[in-house]
Amino acid sequence: MKDNENPAWLTQDIFQTVLESKYGKHFRIKSFAVQSIDNPWDKTPTYRVQIDLEFKIKNSSTIFGCGNKKCEESISYLLRMSPLSEIQMYDKVIPAFEKLYSDKGRKVVFSQNTQKMYHNKVLLFEDPKSKCLQKIKDFSDEDLRKVLKNLADFHAASAIYAENNDLENLAIKVDKGKDILDVFIKKVKPTIVKTCENGEYLADKFFGEQVNDYFDWNEFNVLNHGQFWPNNILFGDSDNIYFTDFKLPKFGSPALDLYYFLLSAMPVGDKTKKFDYFIKYYYDCLIENLKFLGYKKEIPYLTDLRISLIRHGIWARIAICGVVGISLCTVKGNLYSNEKYVSVLQELLPWLDNRGLLEHRDPPKIPSKEEPSLIENVSNNDLDSRIPSWIKSGFFEEIVKKEMKGFSKITKFKCETGTTAGENYASLLLRVFIEAELEGVDNSAKQLSYILKTSHGNDMTSARDLDALGLFERETEMYKDILPLFEKLYENRKINVKFGPKCYNLAGNPGVDHLVLEDLKLQEFKNANRLEGLDIKHVESVLSLMAKYHAASAVAFETIKPYSECLTVGFFDKRNREMFTEFSRGLNSVLQETMINNYDNGEYYANKLVRDIYEHTDEIFDFYKVKPDEFNVLNHGDCWSNNIMFKYNDKNELTETIFVDFQLSKYGSPVADLYYFLLSSAAVDIKIKKFDYFIRYYHEHLVKNLNILGYPKQAPSLTDLHVMLVKNSVIARNVVIGVMGAVLLDSTENANMDNFIGVDDAGLKFKQMIFTNPRYKRALSEILPWMDNKGLLG
């Protein structure tokens, strides 16, 4: 706007009162100039006013440093036509926030001083340039931390303020996000399609029909700045930071400000790598301030913030379409096609997709805090001393008869241990070799092989305790009833799926718990190297099968029959609390001491990972109570690399995957299997780096199979699944403390259930062996910072 196009009311006369309040009446305005500030990203009329003053007063040297001579001074202001919301922010809300801190003896300043002018429709600011305030474009990590600290100050004050003041008129409204995104579809979508891998897929998900945000009074809410990006942040001397432009404050999830700021201010390449770290940094500052100011409500956990970021992911998309592109634009008209913006799209869109933030869904129904459970109440054997003496060939005759038409007799029988030490803890796994002849046919010997699972010998006292928990009863039901039922569901849709090996019945009753299974090695199945961990292809194959299995279990429960108490309650019955507590006590005490003495930042992480033993037990048992209002599946329960077998073709390409060992199967949240498998068995270099991708991969296959099998309820969204993972972090901690260490330990004769559970000298030494293992330490060095930043350590 040219000078002669300035508003008619914008004259030097309206500044008289402002200047008199600062200089008294001993001055005259020598010159007055108005310049319109052209900001293509902000359509609010803003003007820079330059005023040259001339005055003479006594003792002016004290004030102006010019003796008793005529003095001159120039002063510059910014003047902006502001909506009522912004005037209220500067006039009432921000001073109230600052007063909350000053009342506690701490000076905090969130914005520049302002004055209202021209019938209270205009805000007047001292020109930032004259106050040595500046905006920065390239944020260092330290700059980011400074801003996040100030933002946490602001948000904490707003939460306190909201306890006694009605902010409903500023609450985030449903469907606003859709309106905003519609504006950008024609501009951004072609860039995504053209420059991103799987561009059409990502663009279709990015701009979907159901795109909205919502407000929930039950969440932790703050007053968001609303347009919190680098252009609205001023840096001054002495680490002072001021926020500007409060035209669009919104009361709701802090996800709005966090996505806007971090995605626009973080350097390209760091936006996904360091996002979780900076969220935790903000959270730590927020909680410190809430406590300092005396927040009366329940302090939110980091997991609560993570869930909020998942649920309100719409703001990430809006930020990418708006402030992220603007912050990177250097050439007018090049907003959505410049190289930096393209790089950001290529970095952020797959990350958003893996986290479920590109899903389109209606605002979730917020469940009540407590819902009652609807389900809870409903002869070579002498060569190895570990082989029980009861195992004889006669028990296997009925099995062989069914396998061999014309069976005559068993001519050779041999039994040997099926695994090395450290490969199986809860039961004894044996391989039985049989040679049998056909009746009336010479030289007709046929070799057969079976897997026999049974309980450990009498010297294994802890293992006997586990046998009393119904492990074989549960696994027998799984192999004989549940797995065939699941496979039949797919067979009815003309899909061939095999979840586990075939199960056989022995002739007679040996009087001990046992299972006889087909030997999958005869079909060329084999285990992967558990010490190296599974690569991406193997993990994908397992997750695909897990999704099929989980989908079948959900459909069977809803359309055929509920599961037995053996599968809905399982190990986590109140009668077993003491056993679990003692088991955890032994692991936790050794881990805590070992981490403090042997790990970098060991004391910090030990104090977060190792909880009060009774609190940990309560959390575990609460998790395993079936929650009928959530999506539930029949978990495998012990899904680690040794309980998964793989088959390959002649080119060593993976062709088939199958599960074994269903002793710990349990109906409940799929989070149990996902954390258990990914944290224990994926290779260390991908288990964290690819975690979100693996969750999305599983979810896609889960939904696909639920649809195939006709699941009668609404399938969980990917964001629902991520929320489940955040809410149930106790399972991640439990896996890290428990099974992961056993998976990564070299084979040793000391690896048995007695030592794993026991607290005697042998048990303590075995646990020290686990927790000082270099593989375990390396895995923890990757996992613990990730868990900490995500709030999974509490």
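Start by selecting the three strands E15, E17 and E18 of this predicted model, which form an open sheet in the order E15-E17-E18 with antiparallel pairing. Colour strand E15 (525-526) and strand E18 (654-659) separately, since these two stand at the edges with a single partner strand each, so that one side of each has no neighbour in the sheet.

Next, show the backbone of strand E17, residues 644-648, together with E18, and follow the five bridges over which the two strands pair in the antiparallel sense. A convenient place to centre the view is Tyr648, which stands opposite Leu654 in E18. Strands in a sheet are held in such pairs by hydrogen bonds of the backbone, in either a parallel or an antiparallel arrangement.

Now add helix H15, residues 536-559, which lies across E17 and E18 and runs at about 50° to E18. Within helix H15, select Ser553, and ask whether Ser553 is buried or exposed. Its relative accessibility is 0%, and Ser553 therefore counts as buried, the cut-off being under 20%. Displaying side chains around Ser553 brings up the residues that it touches, namely Phe486, Tyr563, Val633 and Leu634, when residues up to four places away in sequence are not counted. Of these contacts, Tyr563 is ten residues from Ser553 along the chain, and a distance drawn between the two C-alpha atoms should read 9.5 Å.

Move then to strand E11, residues 428-438, where eight of the eleven residues are buried, so that the strand is largely enclosed by the rest of the structure. Select strand E10 (residues 407-417) beside E11, and trace the nine bridges of their antiparallel pairing, with Ile410 opposite Ala436 in E11 as a landmark. Strand E12 (residues 446-454) is also joined to E11 by nine bridges, and these two strands run antiparallel as well; here the pair to display is Leu428 and Thr454, the latter in E12, which stand opposite each other.

The last stop is the second largest cavity, which has a volume of about 200 Å³. To find this cavity, select Ile310, Arg355, His722, Val726 and Lys790, which are the closest to its centre among the 17 residues that line it. Then show helix H9 (302-311), helix H21 (691-709), helix H22 (718-727) and helix H27 (774-790), the elements that each give two or more residues to the lining. Colouring the lining of this cavity by residue type should show twelve nonpolar residues, one polar and four charged.

How values were computed:
Residues numbered from 1 in each chain as written. Predicted model: local features only at pLDDT ≥ 70, side-chain atom pairs only at ≥ 80, totals over all residues. Heavy atoms only, no water. 1 Å grid on protein atoms, 1.4 Å probe; cavity = no way out; pocket = protein on both sides within 12 Å on 5 of 7 lines; lining within 4 Å. Points joined across faces, edges and corners; volume = space filled by probe spheres on them. Helix = DSSP H or I, 4+ residues; strand = E, 2+ residues; numbered from the N terminus. Nonpolar A, V, L, I, M, F, W, Y, C, P; charged D, E, K, R; others polar. Pairing = 2+ DSSP bridges. Contact = heavy atoms within 4.5 Å. Axes fitted to C-alpha atoms, helices over the stretch in contact; angles between N-to-C directions. Buried < 20%, exposed > 50% of the residue type's maximum accessible area, 1.4 Å probe, protein only.
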